[in-house]
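Below are a few points on this model, for your review. They take up one helix pair and then the largest pocket.

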Amino acid sequence: MKIPDLRHIRSFIAVVKSGSFSKAAESLFMTQPGVTAHIGKLEKMLEVKLLERYPRGNVLTDPGRRFYDYALNLFDEMGDALEATREETEQTGGWLRVAAPGSFAGYLLQHMTGLQLRHPQLRLAVNYQPNEVILRELGAGRLDVGFVTQKPDDKNFRCEAIFRDQVVIVRARKRGRTLKLRTEAELRQLVFIDYPDRLHLLDTWMRHHLGRRQSHSNTLDYRYFVNNLEAVIQLAAKGHGCAILPLSAISKHPLKSKLEIVNGSNPVALQQTIYWTLRSNTYLSKRIRLLHQSLTTTLALKKAP
């Protein structure tokens with residue numbers, strides 16, 4: 001069965017409520033012939049006469065009165081549905097699903113906790129995942145916001161640079177002069193701790209400081225592999241190997257005093273950009289907008305302390 005045009009139903013309701021076509025046209029910001037045409041099309045589609053036109057006014061037919069009652073209920077229910085939808089999309093309560101590489105997620109979480117305290121009904125699901133998994137989960141609609149270290153070329157995503165973090169190699173603090181690496185041969189004399197973000201970070205560090213177009217960090221000496229950043233920091237602080245980390249991961253860590261940075265040959269510090277990433281067609285709910293506002297206030301293009 002065909003569904004009547006809602007514009008035609010709206011004109012019909014306006015005519016009945018106002019008692020005339022001219023007043024209905026005025027209330028709807030239409031011309032009187034336009035309203036008349038709407039009623040005519042509605043009656044033609046329903047195959048029934050809704051109004052009897054008389055010089056002194058319009059009278060509802062019996063089918064017209066029944067349809068008028070149905071139409072009022074329809075618009076009332078539609079109004080309720082729109083209001084409920086608006087409340088749902090504008091509310092702060094509910095889950096916000098985000099993901100970031102493990103080397104950055106901990107620092108991110110520190111800034112998100114303040115948002116949750118200000119909005120107690122907000123629920124935060126923070127996943128520690130590599131870039132490629134984050135983009136896959138975003139694309140599938142299983143995440144609301146992703147934070148990635150490499151800007152995707154895929155037009156299905158929209159990105160915004162939100163934070164810059166220095167990337168450093170750290171080891172247990174030793175007496176004497178701070179170690180400075182000038183060649184790959186010197187780098188190969190060190191023992192490293194491996195973890196999921198190591199490959200991207202260390203390859204980038206080698207290109208930046210050693211001038212390597214093609215890095216070979218997979219061939220270095222690794223004595224541990226862990227998938228927890230806290231464990232990486234603990235192992236490095238206890239002298240079990242060097243670790244490549246964002247500076248934000250240790251800037252306020254209790255073991256910071258037990259670690260030292262291994263310098264590279266490039267005097268310019270290596271900076272990593274973090275990109276706020278959404279699906280291109282993501283609706284910006286109030287939860288997402290609150291998170292963006294909170295993070296751009298505290299993180300936006302700032303360096304880690």
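1. The crossing of H1 and H3 is left-handed. This is a feature of a predicted model.

2. The two helices span residues 6-18 (H1) and residues 32-46 (H3); their axes come within 8 Å and cross at roughly 110°. H1 is therefore roughly perpendicular to H3, since angles of 65 to 115 degrees are counted that way.

3. Which residues make the contact? On the H1 side they are Arg7, His8, Ile9, Ser11, Phe12 and Val15, and they meet Val35, His38, Ile39, Lys41 and Leu42 of H3. By class, the residues of this contact divide into 6 nonpolar, 3 polar and 2 charged. Phe12 of H1 and Leu42 of H3 are among the residues involved, and both count as nonpolar.

4. Turning to the pocket: the largest one has a volume of about 390 Å³. Its lining consists of 21 residues, and those nearest the centre are Gly102, Gly106, Tyr128, Leu229 and Glu230.

5. Which elements give two or more residues to that lining? They are helix H5 (102-118) and helix H9 (229-237). H5 supplies the largest share, with 5 residues.

6. The lining of the largest pocket holds 9 nonpolar, 9 polar and 3 charged residues. Gly102 and Gly106, two of the residues nearest the centre, fall in the polar class because Gly is counted there. Glu230, also one of the residues nearest the centre, counts as charged.

Methods:
Residues are numbered from 1 along each chain as its sequence is written. This is a predicted model: local features need pLDDT of at least 70, side-chain atom pairs count only at pLDDT 80 or more; totals for chains, interfaces and linings use all residues. Side-chain values use heavy atoms; hydrogens and water are left out. Axes are lines fitted to C-alpha atoms, for helices over the stretch in contact, and angles run from 0 to 180 degrees between N-to-C directions. Helices (H or I, at least four residues) and strands (E, at least two) are DSSP runs, numbered from the N terminus. Angles under 35 degrees count as roughly parallel, over 145 as roughly antiparallel, 65 to 115 as roughly perpendicular and the rest as oblique. A crossing is left-handed if the near helix is turned anticlockwise from the far one by less than a right angle, and right-handed if clockwise. Contact means heavy atoms within 4.5 Å. On a 1 Å grid over the protein atoms alone, a cavity is a set of points where a 1.4 Å probe fits but cannot get out, and a pocket is an open set with protein on both sides within 12 Å along at least five of seven lines; lining residues have an atom within 4 Å of a point. Grid points are joined across faces, edges and corners, and a volume is the space filled by probe spheres set on the points.
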